[in-house]
Amino acid sequence: SASLSPPQFLRRQQVLQLYRGILRAIRHVPAEADRRYLQEWAREEFRRNKDATEEDAIRMMITQGNMQLQELQRTLKLAQS
């Protein structure tokens with residue numbers, strides 16, 4: 001495969017970190033059906049965008065993904081309290 005430039009490498013790390021963070025958060029969703037639905041959704045989202053090359057678009061997706069992750073974590077915390 002083509003070697004990645006340093007910015008692309010960093011971006012890839014950010015995406016993988018985000019993906020792992022989302023899957024980790026989803027593991028805490030109590031209902032199994034919801035958990036499966038969210039895992040499927042996350043996988044699909046990342047798969048659909050895996051060939052994106054436009055830097056600004058990728059940065060925006062990472063930002064949106066992180067916001068969604070924080071939202072999910074907040075929701076889970078509220079559900080536990």
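Trainee: In which helix is R11 found?

Mentor: R11 is found in helix α1. Please keep in mind that this is a predicted model.

Trainee: Why is R11 counted as buried or exposed?

Mentor: The relative accessibility of R11 is 14%. Buried means under 20%, and therefore R11 counts as buried.

Trainee: Which residues does R11 touch, leaving aside those up to four places away in sequence?

Mentor: R11 touches E55, I58, R59 and I62. A contact of this kind requires heavy atoms within 4.5 Å. One of these partners, R59, has its place in helix α3, which covers residues 55–80.

Trainee: What makes R59 buried, exposed or partly exposed?

Mentor: Its relative accessible area is 39%. Buried would require a value under 20% and exposed a value over 50%; because 39% lies in between, R59 is partly exposed.

Trainee: How far is R59 from F46?

Mentor: Their C-alpha atoms are separated by 14 Å, and the two residues are 13 residues apart along the chain.

Trainee: How many aromatic pairs does a search of the whole structure find?

Mentor: The search finds 1 aromatic pair. The rings of Y19 and F46 have their centres 4.6 Å apart, with their planes at 55 degrees.

Trainee: Why are the rings of Y19 and F46 called a pair, and what makes the pair stacked, edge-to-face or tilted?

Mentor: Rings pair if their centres lie within 6.5 Å, and the centres of Y19 and F46 are 4.6 Å apart. Planes under 30 degrees apart would count as stacked, and planes over 60 as edge-to-face. The value here is 55 degrees, so the pair is tilted.

Trainee: Which parts of the chain does the pair link?

Mentor: The pair links distant parts of the chain: Y19 belongs to helix α1 (residues 6–26) and F46 to helix α2 (residues 32–48), 27 residues apart.

Trainee: How do you know whether Y19 and F46 are buried or partly exposed?

Mentor: Y19 has a relative accessibility of 21%, and F46 has a relative accessible area of 22%. Since buried means under 20%, Y19 counts as partly exposed, and F46 is partly exposed as well.

Trainee: What can be said of Q14?

Mentor: Q14 lies in helix α1. Its relative accessible area is 34%, so Q14 is partly exposed. Q14 and L38 are 24 residues apart in sequence and 20 Å apart in space, C-alpha to C-alpha.

Trainee: What is the length of α3, and what span is expected?

Mentor: α3 has 26 residues and reaches 37 Å from its first C-alpha to its last. This is close to the 38 Å expected at 1.5 Å a residue.

Trainee: Which residues of α3 are buried, and what covers them?

Mentor: In α3, the buried residues are I58, I62, G65, L69, L72 and L76. Their cover includes α1 and α2. As general background, an α-helix has 3.6 residues a turn, so residues three or four places apart point the same way.

Trainee: What is the pattern of the protein chain as a whole?

Mentor: Read along the sequence, the pattern is α-α-α, and the secondary structure comes to 3 helices and 0 strands. The C-alpha trace spans about 45 × 20 × 15 Å along its principal axes.

Trainee: How many of the residues are buried?

Mentor: Buried residues make up 19% of the 81 residues in the protein chain.

Key
Residues numbered from 1 in each chain as written. Predicted model: local features only at pLDDT ≥ 70, side-chain atom pairs only at ≥ 80, totals over all residues. Heavy atoms only, no water. Helix = DSSP H or I, 4+ residues; strand = E, 2+ residues; numbered from the N terminus. Buried < 20%, exposed > 50% of the residue type's maximum accessible area, 1.4 Å probe, protein only. Phe/Tyr/Trp six-rings, centres within 6.5 Å; stacked < 30°, edge-to-face > 60°. Expected span 1.5 Å × (residues − 1).
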